[in-house]
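Let's take a walk through this one, looking at a sheet and some charged pairs. Have the structure open as you read.

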Amino acid sequence: MKKLKLLSLFLVMGIFSCPIFNKTVSNVPVEIIKIKETKDIKLSYKPFISNLCLDSNENFYFIDGNVIKKVDQKGNLTIIAGKEEDDFYPEDGNIDGDLSTAKFGEIIKMNYVENEKLFYFVEKFKMKDNKDKYNYFARKLSNNKIETIYKIGNIDKKDNNSKNYRINFISKEGEIYFEEYIRPNWSGMKITKDNQVIKVEGSGNFLDYEGTFYSLRNESLDSYSEDYSLYVRVENKWKKIIDGTLIHHLLNISIDKNNNVYIVEDFFRQNLDGDIMSNSYQPPLIHKISKKNILELKEPLALYKKEFVIAELYGDDSIVSEHSIIVSEDGNRLYGFNQFNSNNIVKVNIGSKK
């Protein structure tokens with residue numbers, strides 16, 4: 001056993017002596033966009049920023065607490081929809097209308113449709129008769145008007161102790177992917193544009209571009225596990241492209257218009273038994289895997305392969321990798337919130353110097 005552990009240690013030392021872990025892989029130009037807060041508009045960060053979206057001018061849209069906010073390339077912060085208030089119960093919230101009169105619950109998912117200039121978003125409301133359960137409403141924001149388009153849940157029903165819901169994703173077409181729990185299993189579901197509910201394969205947080213879906217899933221029964229695997233749906237079948245057991249911490253993904261996938265990953269030096277060899281901080285790595293690579297894969301990738309690493313981020317250039325990241329449509333710029341100053345956005349020019 002000791003010989004085996006010693007051999008494992010030598011193997012790992014060999015892997016981690018690769019140049020990828022000893023020097024910067026790519027000296028990418030990094031810029032910082034400083035967010036300009038005002039007396040009336042600030043970043044609340046409750047519970048955390050999520051669902052970054054970009055428009056054609058690369059303005060940012062994201063969920064901040066119960067509010068959808070926008071940051072332009074000059075750092076100006078504005079509110080698009082929502083109110084800085086606690087969750088409403090159903091009888092008090094989910095009121096449609098213009099932005100001045102509409103009421104909002106807790107916004108948990110959103111997507112922006114550039115060609116239609118509208119937002120789709122999903123909110124959750126506590127049930128009036130069962131405060132431990134929620135109803136979910138999908139709504140549309142267009143021309144400063146709020147309209148409810150779908151309802152998920154058991155609106156005001158008292159006899160629903162066996163069901164629960166988990167909203168995974170809302171597509172640019174307004175389709176909602178969610179999971180429904182009927183003891184003892186979770187089932188993947190989708191609400192289509194014509195309001196039909198159908199069963200779908202797969203689970204986890206989805207990300208798509210023009211019909212190609214990626215799913216980041218925690219497959220461990222341990223809810224605290226960091227072993228996230230990455231799947232892509234090809235020809236209506238899910239294919240594992242990254243095995244969560246082969247990396248330390250797969251944090252976030254984004255895709256460009258050509259369905260190339262960008263992955264941010266944290267690394268710590270560890271041996272094959274999972275023991276930490278060094279407490280020294282390792283910078284987040286940015287990987288790019290092309291659609292061609294993905295379609296040709298015969299087995300899941302191990303991300304320590306140098307060929308897929310396009311950047312490392314250090315110090316003030318580092319990003320909060322637990323939050324959403326977003327890549328521009330052309331794949332030349334990647335954005336995320338700054339690790340050490342939450343009022344800054346890190347702009348990584350990975351393909352050009354725009």
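## A charged corner at Asp330

Start with Asp330: its relative accessibility is 37%, so it counts as partly exposed. Keep in mind that this is a predicted model. The partner to look for is Arg333, which makes a salt bridge with Asp330, with 3.1 Å between the closest N and O atoms. Arg333 itself has just 3% relative accessibility, so it goes down as buried.

The story doesn't stop at two residues. Glu58 joins in too, and a network of salt bridges links Glu58, Asp330 and Arg333.

## Arg139 and its two acids

How many salt bridges turn up across the whole structure? The search finds eleven. As general background, side chains of opposite charge can pair when their charged atoms come close.

One of the eleven pairs Asp96 with Arg139, and here the closest N and O atoms are 2.9 Å apart. Asp96 sits in the loop between β5 (77–82) and β6 (97–98), while Arg139 belongs to strand β9 (residues 130–142), so this pair ties together parts that are 43 residues apart in sequence. Is Asp96 buried or partly exposed? With a relative accessibility of 32%, Asp96 counts as partly exposed. Arg139, on the other hand, is at 0% and so counts as buried.

Arg139 also meets the side chain of Glu123 in a salt bridge, at 2.8 Å from N to O. That contact runs from strand β9, home of Arg139, to strand β8 (residues 118–127), home of Glu123, so it ties together parts 16 residues apart in sequence. Glu123 is at 0% relative accessibility as well, so it too counts as buried.

## A four-stranded open sheet

Now move along the chain to an open sheet of four strands, ordered β11-β12-β13-β14, where the pairing is antiparallel. Which strands stand at the edges? They are β11 (163–170) and β14 (197–199); each has a single partner strand, so one side of each is left without a neighbour in the sheet. On average, neighbouring strands in this sheet are turned by 30° against each other, ignoring direction.

Zoom in on β12 (residues 176–182) and β13 (residues 185–191): these two run antiparallel and are joined by seven bridges. If you want a spot to click on, try Ile182, whose bridge partner in β13 is Asn185. In general, strands of a sheet pair through backbone hydrogen bonds, either parallel or antiparallel.

How values were computed: Residues are numbered from 1 along each chain as its sequence is written. This is a predicted model: local features need pLDDT of at least 70, side-chain atom pairs count only at pLDDT 80 or more; totals for chains, interfaces and linings use all residues. Side-chain values use heavy atoms; hydrogens and water are left out. Two strands pair if DSSP finds at least two bridges between them. Axes are lines fitted to C-alpha atoms, for helices over the stretch in contact, and angles run from 0 to 180 degrees between N-to-C directions. A salt bridge is a side-chain nitrogen of Lys or Arg within 4 Å of a carboxyl oxygen of Asp or Glu. Buried means under 20% relative accessible area, exposed over 50%, partly exposed in between (1.4 Å probe, protein chains only).
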